[in-house]
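Dear colleague,

I am handing over the structure we spoke about, with the sequence alongside. Please read the notes below it with the model open.

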Amino acid sequence: LYRSSWIVQRVCSVIPEDAMTDLRMEAPGLDNDALSRLESCLNECKVRRRIIDAMKWARLYGGAAAIIMLDGQDEDMSQPLRVRDILPGSFRGLFVVDRWSGIYPSLELVTNRANPDFGFPRYYEVRDESGVIQYRVHHSRVLRFIGNEMPYYEAIAEQQWGTSAIEAMFDDLVRRDNLTHNIANLTFKACLSVYGIENLDQIFASASAQAQKSMYSRIEAMSILESNMGIRLINKGDEVQQLQYGFGGLPEILDGAMLDVSGSTAIPATRLFGRSPAGMN
């Protein structure tokens, strides 16, 4: 879906990109020079881009994590992260993984009720393609991102992750895609030429194969002439009609499907579909 549907891509990316557009760092205890160095560090390590990626994959898969990377602590990531142990200049950015690309919550949970992560996994295991554990990461080093939140028992079934934002809008997306495909097919039938041939039923019922072949050849010649020179030759007594299809009401139906998709994603239609506000909006 993410590869083939631009709507799915926008559902996953619009909210994270909008959330990080005007992000500003506020640190009352720092002077302007220190804030400038902090901003330079965030830009150099592409922190905003990594957070957008984590939020995007969380919306697509239901869960993602951004691991805080520090120089000198790669071998001891199972220990809690303490601010006093972080050396100046050691921050190396965030390592983003989604729930299906190598990070697995442990069964051991945080039991300290005073901890903001109470009830969530204490550790996260980062594994390679063969399933071998490369790192055991303490929860204090992990920024969790989830998709749609779930009730308690459903969250346990999802290993404390959420669900994909695509699940709730999938049926509306299918209806909208089917509707647009059907409307596109109708445009090819917007104008049909009907060629009335006298005694056509008798030709099919009793005429020889050679006579039927001659009729097909005559129609083919008429089509070639009309395509090349715009001339149509018919026998006297034959009749040609143009049947046109009316498209009244289809725009309203398509707008209704668009609003259903917008409502199921909680993203305004003007932002999701790139449309200008209409009427009194």
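I begin with Q159, which counts as partly exposed because its relative accessible area is 41% (buried means under 20%, exposed over 50% and partly exposed in between, with a 1.4 Å probe and protein chains only). Q159 is not a glycine, yet has a positive phi of about 55°, and its place is the loop between α4 and α5 (165-187).

Please bear in mind that this is a predicted model, in which local features need pLDDT of at least 70 and side-chain atom pairs count only at pLDDT 80 or more, while totals for chains, interfaces and linings use all residues. Residues are numbered from 1 along each chain as its sequence is written, and side-chain values use heavy atoms, with hydrogens and water left out.

Q159 also belongs to the lining of the second largest pocket, together with P105, S106, L107, L109, P121, Y152, I156 and Q160. A pocket here is an open set of points on a 1 Å grid over the protein atoms alone, where a 1.4 Å probe fits and protein lies on both sides within 12 Å along at least five of seven lines, and lining residues have an atom within 4 Å of a point. The volume of the second largest pocket, taken as the space filled by probe spheres set on the points, is about 150 Å³.

The largest pocket has a volume of about 230 Å³, and of its 14 lining residues, F120, M150, Y152, A155 and Q160 are the closest to its centre. Two elements, β6 (142-146) and α4 (152-157), give two or more residues to that lining; helices (H or I, at least four residues) and strands (E, at least two) are DSSP runs, numbered from the N terminus.

A second residue with a positive phi of about 55° that is not a glycine is K46, located in the loop between α2 (32-44) and α3. K46 counts as partly exposed because its relative accessibility is 47%.

Turning to the helices, α1 (residues 6-19) and α3 (residues 47-61) have axes that come within 9 Å and cross at roughly 145°, where axes are lines fitted to C-alpha atoms over the stretch in contact and angles run from 0 to 180 degrees between N-to-C directions. Among the residues making this contact (heavy atoms within 4.5 Å) are V8, V11 and I15 of α1 and I52, M55 and L60 of α3.

Finally, S262 lies in helix α8 (residues 250-265) and counts as buried because its relative accessibility is 8%.

With best wishes
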